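The following exercises are to be worked through with the sequence and the structure at hand. Each task is followed by a solution in steps.

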Amino acid sequence: MNIDKMEFVAWMERIMERFNILSDDINDLQKKRNSIDGEELLDNQDLLQMLKISNRSLQRYRSIGKLPYYTISGKLYYKLSDVHQFIRESFNPPPPKIDRQ
């Protein structure tokens, strides 16, 4: 069975298109799985990398109630909006400049 080059290329392009569709579907499923009420959930690893803090610091923020969290099947999760609020509250703007003339 001989297949000419054009037919082979077209066949491979169709296969790659199907892979892209499957990849998009998998990404959509992962986003839905890691969300609650349409809001993205982050786990400890996500947060440690995002905030560049230690595991102990993250534990401290949870224990003092500064960072709300949720336990699902024994694993800790954080709503993205809660993380953004935590960052806003933790941000200290620089002191205003004093004009000395």
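**Exercise 1.** State how confident the predictor is in this chain, and which elements have the lowest and the highest mean pLDDT.

*Solution.* Step 1: The model is predicted, and the average pLDDT of the chain is 87. Step 2: A score of at least 70 is reached by 95% of the residues. Step 3: Among the elements, E1 has the lowest mean pLDDT, 72, whereas helix H3 (residues 55-63) has the highest, 95. Step 4: Where pLDDT is low, predicted coordinates should not be read in detail.

**Exercise 2.** Determine the order of the strands in the sheet and identify the strands at its edges.

*Solution.* Step 1: The sheet is open, has 4 strands and follows the order E1-E2-E4-E3, with antiparallel pairing. Step 2: Strand E1 (35-36) and strand E3 (70-72) each have a single partner strand, so they stand at the edges and one side of each lacks a neighbour in the sheet. Step 3: Strand E2 (residues 39-43) pairs with strand E4 (residues 75-79) in the antiparallel sense over 3 bridges. Step 4: Leucine 42 stands opposite tyrosine 78 of E4.

**Exercise 3.** Find the residues that form the salt bridge and state which strands they tie together.

*Solution.* Step 1: Side chains of opposite charge can pair when their charged atoms come close. Step 2: The count here is 1 salt bridge. Step 3: Aspartate 43 and lysine 75 form the salt bridge, their closest N and O atoms being 3.4 Å apart. Step 4: Because aspartate 43 belongs to strand E2 and lysine 75 to strand E4, the pair ties together parts 32 residues apart in sequence. Step 5: Aspartate 43 is buried, with a relative accessible area of 16%, while lysine 75 is partly exposed at 40%.

**Exercise 4.** Describe the surroundings of aspartate 82, a residue of helix H4 (residues 80-90).

*Solution.* Step 1: Aspartate 82 is buried and has no salt bridge. Step 2: The nearest side chain of opposite charge, that of lysine 79, is 5.6 Å away, whereas a salt bridge requires the atoms to be within 4 Å. Step 3: The side chain of aspartate 82 does make a polar contact of 3.4 Å with the side chain of tyrosine 70. Step 4: Leaving out residues up to four places away in sequence, aspartate 82 touches Glu39, Leu67, Pro68 and Tyr70.

**Exercise 5.** Decide whether leucine 48, in helix H2 (residues 44-51), is buried or exposed.

*Solution.* Step 1: Buried means under 20% relative accessible area. Step 2: The relative accessibility of leucine 48 is 15%, so leucine 48 counts as buried. Step 3: Beyond its neighbours within four places in sequence, leucine 48 is in contact with Ile53, Ser54, Asn55 and Leu58.

Conventions
Residues numbered from 1 in each chain as written. Predicted model: local features only at pLDDT ≥ 70, side-chain atom pairs only at ≥ 80, totals over all residues. Heavy atoms only, no water. Buried < 20%, exposed > 50% of the residue type's maximum accessible area, 1.4 Å probe, protein only. Lys, Arg positive; Asp, Glu negative; His and termini not counted. Polar contact = N/O pair within 3.5 Å; in protein donor to acceptor, adjacent residues only side chain to side chain. Contact = heavy atoms within 4.5 Å. Pairing = 2+ DSSP bridges. Helix = DSSP H or I, 4+ residues; strand = E, 2+ residues; numbered from the N terminus. pLDDT = per-residue confidence, 0-100.
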